[in-house]
Amino acid sequence: MENLKLDDFTKYKFLSGLNYSPDGKYAGFVVHRMDVDENKYLSNIWIYNVETKKYFKLTSLDSEKTFIWLDDENILFPAIRNPKDKEALEMGEEFTVYYKINIHGGEACEAFKVPLTVTGIKKVDDKNYLVTGVYNHYKMHLEQLEGSEREEAIAKIKEEKDYEVLDEIPFWANGEGFTNKKRNRLYLFNVDSGNVEAITDEWTNVEAVKLNKDHSKALFISNSFKDKMPLSSDLYIYNIAKKNLERLTHEGGFAYAYADFLGDSIIFAGSNMKHYGVNENNHFYIMNENTKDVKKITDKFDLSIWNSVGSDCRYGGTLSIRIDEDYLYFETTEWNSSYINRIDKNGHIDKLITKGGAIDGFDVHNGKILFIGLRNMKLQELYSLEDGEEIQITDFNEWVVETKKISKPERITFETENGTTIEGWILKPVDFDKNKKYPGILDIHGGPKTVYGEVFYHEMQYWANEGYAVFFCNPRGSDGRGNEFADIRGKYGTIDYDDLMKFTDKILEKYPFIDEKRIGVTGGSYGGFMTNWIIGHTDRFSAAASQRSISNWISKFCTTDIGYYFVENEQGGTPWNNMEKLWFHSPLKYANKATTPTLFIHSEEDYRCWLAEGIQMFTALKYHGVDARLCMFRGENHELSRSGKPKHRIRRLTEITNWMDKYLK
């Protein structure tokens, strides 16, 4: 066995997009890998034969990231394979080209071209598709222009690249760029004519589109705004044949998280946000499509319906909630793991998986489940669930556990001040020698409503291979324990800070091989906020690395893509009605007390925790004579550590490791 290297993550494979064929005999999924030389990700569609239990690569041009099944043997995927199409897109035209390929072989051939930047597509019949696409109020449509008009429009497009016009909030979104006056609109596309017919208006954002069994109706969630996006949403049903759009929203101020057809009813999940704000756990409801009567079917349910187990070894995504026969299948995060469950119309829930780890999406056909999982300290693989038993199908990443030294997490629990149990873990240094003293790193997760668990985390495993004890926990504010445990609104930096410091005390007490004078702290997003907070409240850490952080709730309110609603929700005030409250919870207020050498990692296009947050804290430390360094990545956003360009991810981890080595070794 050999030590895990810093750049080994560039050799990992990442799975996403898992989807059964209509007859359930095959399943498609996407495998992503990194090309470090070209500094990008390569993606291909793979096929799993359910009967033979064999899998094979279907596409080979390395850019096939998503797909849908056209029928039992044919797949549709978007791609740019024609140089003229590439040139037209670069000039500013808007369209999406789809290719068709048979899973039994042959070349992909162009199926059709949709005159939109498509964000989602669903087949209605052989000639018609429901698509969601970007509608831009300020966009000139080159495809509709010719001659001098087209030339003038191209010149204007080039000129407008030099500035942005903002007249609504939010005006940008992390990973999407500037979104001002752009909407995700629903259309009906006809293959023969090539035309798209708008179903929703130009001010409405559409998401989560679902078709009923005979494809005669579509259900979708949306919100509509002109100046300020609301937190609530609406539920609509569209009769495709009659071209009739009907609003189903059952109460005002409700945020719909999911909706689909379940037999002759509609099942949906959501929250009115009255008790725990925007992060309140959702409940399930049944609606009678004819009478519109609504019944809540999960009165005592108090879990998130998604996977929030953190890892830096994912790329792409897979649906985590599905309808099959008489059940809705969904994921929950409970304590440190995520699980697959199913619920019927009466609200009866069956837990189908009991093994710990993370479920990174799944599909189900006639009760047969396939899922992408992080299990047994392995990286992502494809699994089947048969009679309650998990069976590993693929072995894309098996080489990691077979050839690399992996530190197994040891679980620690303790009672915090109010008697609540906090759980955490430690990764001992590989090749551990009980007679040696080791440096340690406290790693804090983001969110805050996410969790750490017993899954593979590359950066932590690498540090353990470099001779560090790495420890991490789920303080109050984390997911997996219900609304009350996750609710730290108005308490940031208080009870969560206490939990983290008590956890550190417990670690140092139980594992005396850790040198208490050589411990560091790091974290990203909320973890970056906590890192900033910690260095202003204690000098027990000898080094810190603050990543994509928050330093000032006042500035964050008015700058980030979620600022105006997230800050008020989480901190209980705005800059006008409770400036003192926001400043009290801002790490910047306490920066003059910091003495810990701190590295700041930030991305130039991080619109979730904007660059200004890192710059403020960096400047404050430099002003007060504390050793500080800021490494800013151009062309990256809030997801740098998880889906940033390969070379940037290498540089990021190198920066953090070198900083820790400098002060802890």
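Which residue in E32 is the bridge partner of Ile412? The partner is Gly424, and this report starts from that pairing. The model is predicted, so local features need pLDDT of at least 70 and side-chain atom pairs count only at pLDDT 80 or more, while totals for chains, interfaces and linings use all residues. Residues are numbered from 1 along each chain as its sequence is written, and side-chain values use heavy atoms, with hydrogens and water left out.

**A pair of strands**

Strand E31 covers residues 410-415 and runs antiparallel to E32, with six bridges joining them. Two strands count as paired if DSSP finds at least two bridges between them. The names come from DSSP runs, numbered from the N terminus: helices are H or I runs of at least four residues, and strands are E runs of at least two. Five residues sit between the two strands of this hairpin, where Gly419 takes a positive phi near 85 degrees.

A salt bridge also links these strands: Glu423 in E32 and Arg411 in E31 have their closest N and O atoms 2.8 Å apart. Glu423 is buried at 1% relative accessibility, whereas Arg411 is partly exposed at 43%. Here, buried means under 20% relative accessible area, exposed means over 50%, and partly exposed lies in between (1.4 Å probe, protein chains only).

**Salt bridges elsewhere**

Side chains of opposite charge can pair when their charged atoms come close. The rule used here asks for a side-chain nitrogen of Lys or Arg within 4 Å of a carboxyl oxygen of Asp or Glu, and the count comes to 40 salt bridges. Three of the pairs are set out below.

| Pair | Closest N and O atoms |
|---|---|
| Asp363 and Arg322 | 3.5 Å |
| Glu423 and Arg411 | 2.8 Å |
| Arg642 and Glu639 | 2.7 Å |

Asp363 lies in strand E27 (residues 358-365) and Arg322 in strand E23 (residues 321-324), so their salt bridge ties together parts that are 41 residues apart in sequence. Asp363 counts as buried at 6% relative accessibility, and Arg322 counts as buried at 10%. In the pair of Arg642 and Glu639, Arg642 is partly exposed at 27%, and Glu639 is partly exposed at 27%. Salt bridges can also join into a network, as they do for Glu2, Lys5, Asp8, Lys11 and Lys404.

**A covered helix**

Now look at helix H4, residues 458-465: eight of its eight residues are buried. Among them are His458, Tyr462 and Trp463. The buried residues of H4 pack against strands E32 (421-427), E33 (438-444), E34 (469-473) and E35 (514-524), and against helix H13 (646-664); contact here means heavy atoms within 4.5 Å. Just after H4, Gly467 has a positive phi of about 95 degrees.

**Cysteines without partners**

How many disulfides does the structure hold? The number is zero, where a disulfide is a pair of cysteine sulfur atoms within 2.5 Å. For Cys473, the closest cysteine sulfur is in Cys609, 20 Å away, which is too far for a bond. Cys631 is in no disulfide either, as the nearest cysteine sulfur, that of Cys609, is 17 Å away. Cys473 is buried, with a relative accessible area of 2%, and Cys631 counts as buried at 10%.

**A patch on the surface**

Finally, turn to the outside, where Tyr138, Tyr163 and Val165 form a nonpolar patch with about 290 Å² of accessible area together. Tyr138 is found in the loop between strand E10 (128-136) and helix H2 (147-160), and is partly exposed at 41% relative accessibility. Patches are made of residues with over 30% relative accessible area and no salt bridge: like charges are joined within 9 Å, and nonpolar side chains (Val, Leu, Ile, Met, Phe, Trp, Tyr) within 5 Å. Accessible areas come from the Shrake-Rupley method with a 1.4 Å probe, and for residues only the protein chains shown count as cover.
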